[in-house]
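Q: I would like a close look at a single part of this model, taken together with whatever packs around it. Please work outward from that part to the rest of the fold.

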Amino acid sequence: METRRGFLKGATAGIVFCSCGLLDAARAQHPVGKRLPVMVRGKRIKTIDVHAHCLFPEVGELMGKEALSVTGPIWVESRFLNVDERIKNMDNMAIDMEVMSINPFWYHKDRDTAAAVVKLQNEKLAGICAAHPDRLAAFASLTLQAPELAVEELTIAMKKQGLRGAAIGASVLGEDFSEPRFHPVWAKAEELGAVLFIHPQSTPDLAKRFKGSGWLSNTIGNPLDTTIALQHLIFEGTLDRFPGLKIIAAHGGGYLGSYAPRSDHACFVSPQNCNPEITLKKKPTEYLNQLYFDALVFTPEALRHLAAQVGAGQIVLGSDHPFPWEQHPVDHVLATNTLSDAQKAAILGGTAARLLGIKA
């Protein structure tokens with residue numbers, strides 16, 4: 001069976017200019033459901049997708065009709081986890097392992113209801129991952145509106161359930177993670193070596209302006225929400241306080257990577273808008289080199305720019321599966337000719353394996 005490397009080796013020059021057609025041709029040579037081994041310089045790469053979603057229908061019993069409004073009735077059923085179907089889709093996408101997560105929709109619920117939702121989800125995720133350890137892993141859910149409970153949940157997830165960290169929003173109902181009441185959660189994550197996957201929930205304050213065509217609440221709102229979250233973690237000194245935090249930001253980290261150097265000038269241009277009691281240990285842009293970002297930026301040029309800004313070693317694979325944002329997440333990494341083979345191998349799986357404690 002021809003590997004992607006075998007096909008790409010003879011077509012590298014063409015990929016730069018017409019990658020979509022060539023990569024589609026490569027895919028067409030393989031039957032649906034047939035696993036595509038990914039090779040880089042003759043070495044088999046274990047591809048790890050850190051950005052994949054799921055949902056359990058049992059949550060509806062706890063959330064009631066409200067569960068249907070999590071992402072809208074069109075999407076809910078498609079996110080229910082069918083393991084066989086999921087693995088078949090992973091094979092089609094050349095993904096060896098997915099790290100599943102559930103977008104937080106319980107932050108506004110009372111403590112008991114939210115705790116029940118989180119407990120159910122973490123137990124089910126742990127069970128499924130234990131049954132398919134070579135294909136599926138997961139980030140735990142946390143009741144972040146109750147930080148002391150979130151600390152307990154994260155400890156159980158890491159020490160007893162075999163989960164790889166936790167998926168969190170970009171804020172808790174608009175309350176930023178740099179607030180001191182969340183510090184115990186970050187301290188515990190740092191202590192446990194838990195990875196925190198930041199996945200935004202739009203930017204509700206701008207809901208009125210997001211109305212209209214283009215699904216702007218997601219298209220613009222999600223990357224913006226992550227951008228704000230990361231900037232607060234930097235400028236409020238949270239990353240200095242917890243330098244060992246392992247954070248992955250979804251969607252390429254939002255807009256921060258596109259215009260990061262502006263951050264380095266903010267407190268020089270307008271010191272009155274910066275807290276004089278906070279002295280950062282390095283330039284704002286330098287903190288990007290201790291964060292991680294998924295590669296869900298769609299094109300080789302966008303990936304090239306992200307790597308130039310944050311470092312190729314800080315990027316991991318992400319698809320947003322089962323949402324069809326990026327149905328061929330491996331391809332635009334392979335087609336980014338500004339990356340070395342070693343960098344491609346790291347993005348496709350090597351960095352995630354090291355970060356998450358997964359055997360490469």
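A: What follows starts with one helix and the strand it is bonded to, then moves outward. The model is predicted.

The part chosen is helix H5, which spans residues 83–92. Its buried residues are Val83, Arg86, Ile87, Met90 and Asp91. Viewed down the axis of H5, these residues fall within an arc of 140°, so they line one face of the helix. That face packs against four elements: strand S3 (48–53), strand S4 (97–101), helix H6 (111–131) and strand S5 (136–138).

The two ends of H5 each have a local feature. At the start, a side-chain oxygen of asparagine 82 comes to within 3.2 Å of the backbone nitrogen of aspartate 84. After the helix comes alanine 94, which has a positive phi, near 60°.

Arginine 86, one of the buried residues of H5, has a charged partner. Side chains of opposite charge can pair when their charged atoms come close. The side chain of arginine 86 forms a salt bridge with that of glutamate 98, at 2.9 Å from N to O. This pair links distant parts of the chain, with arginine 86 in helix H5 and glutamate 98 in strand S4, twelve residues apart. Arginine 86 and glutamate 98 are both buried.

The salt bridge leads to strand S4. Five of the five residues of S4 are buried, so the strand is largely enclosed by the rest of the structure. In a regular strand the side chains alternate between the two faces of the sheet. In S4, Met97, Val99 and Ser101 are buried on one side, and Glu98 and Met100 are buried on the other, which leaves both faces covered.

S4 also has strand partners. S3 and S4 run parallel and are joined by four bridges; in one of these pairings, histidine 53 has serine 101 of S4 as its bridge partner. S4 pairs with S5 through three bridges, again in the parallel sense. Here glutamate 98 has leucine 136 of S5 as its bridge partner. Glutamate 98 therefore takes part in a backbone pairing as well as in the salt bridge to arginine 86.

The next step outward is the nonpolar interior. In soluble globular proteins, nonpolar side chains tend to be buried together. The largest nonpolar core has 81 residues, and those that touch the most other members are Met100, Leu144, Ile168, Trp186 and Leu348. Helix H6 gives the most to this core, with seven residues. H6 is also among the elements that the buried residues of H5 pack against. A second, separate core holds 18 residues, including Met97, Phe197, Tyr292 and Leu356. The two faces of S4 can be read against these cores: Met97 is on one side and Met100 on the other.

Leucine 348 shows how one residue of the largest core is surrounded. Leaving out residues up to four places away in sequence, leucine 348 touches Val38, Val40, Ile45, Lys46, Thr47, Ile48, Leu317, Val330, Val333 and Leu334.

Beyond S5, the loop that runs between S5 and helix H7 (147–159) contains glutamine 145. With a relative accessibility of 16%, glutamine 145 counts as buried. A polar atom of its side chain lies 3.2 Å from the backbone oxygen of lysine 109. Among the residues that glutamine 145 touches, with those up to four places away in sequence not counted, are Trp106, Tyr107, His108, Ala114, Val172 and Arg181.

Tyr292, listed in the second core, leads to another sheet. This open sheet has five strands in the order S6-S7-S8-S9-S10, with parallel pairing. Its edge strands are S6 (165–168) and S10 (315–316), each of which pairs on one side only. Within the sheet, strand S8 (residues 246–249) and strand S9 (residues 292–294) run parallel and are joined by two bridges. Isoleucine 248 stands opposite tyrosine 292 of S9.

Finally, the buried salt bridge can be set beside others. The structure holds ten salt bridges. One of them joins glutamate 191 and lysine 188, at 3.2 Å from N to O. Both residues lie in helix H8 (residues 183–192), three residues apart, about one turn of the helix. Glutamate 191, at 55% relative accessibility, counts as exposed, whereas arginine 86 and glutamate 98 are both buried.

Terms used. Residues are numbered from 1 along each chain as its sequence is written. This is a predicted model: local features need pLDDT of at least 70, side-chain atom pairs count only at pLDDT 80 or more; totals for chains, interfaces and linings use all residues. Side-chain values use heavy atoms; hydrogens and water are left out. Buried means under 20% relative accessible area, exposed over 50%, partly exposed in between (1.4 Å probe, protein chains only). The arc is that of the directions from the helix axis to the C-beta atoms. Contact means heavy atoms within 4.5 Å. A polar contact is a pair of N or O atoms within 3.5 Å; within protein, one must be able to donate a hydrogen and the other to accept it, and residues adjacent in sequence count only if both atoms are side-chain atoms. A nonpolar core is a set of buried Ala, Val, Leu, Ile, Met, Phe, Trp, Tyr and Cys residues joined through side-chain atoms within 4.5 Å. Two strands pair if DSSP finds at least two bridges between them. A salt bridge is a side-chain nitrogen of Lys or Arg within 4 Å of a carboxyl oxygen of Asp or Glu.
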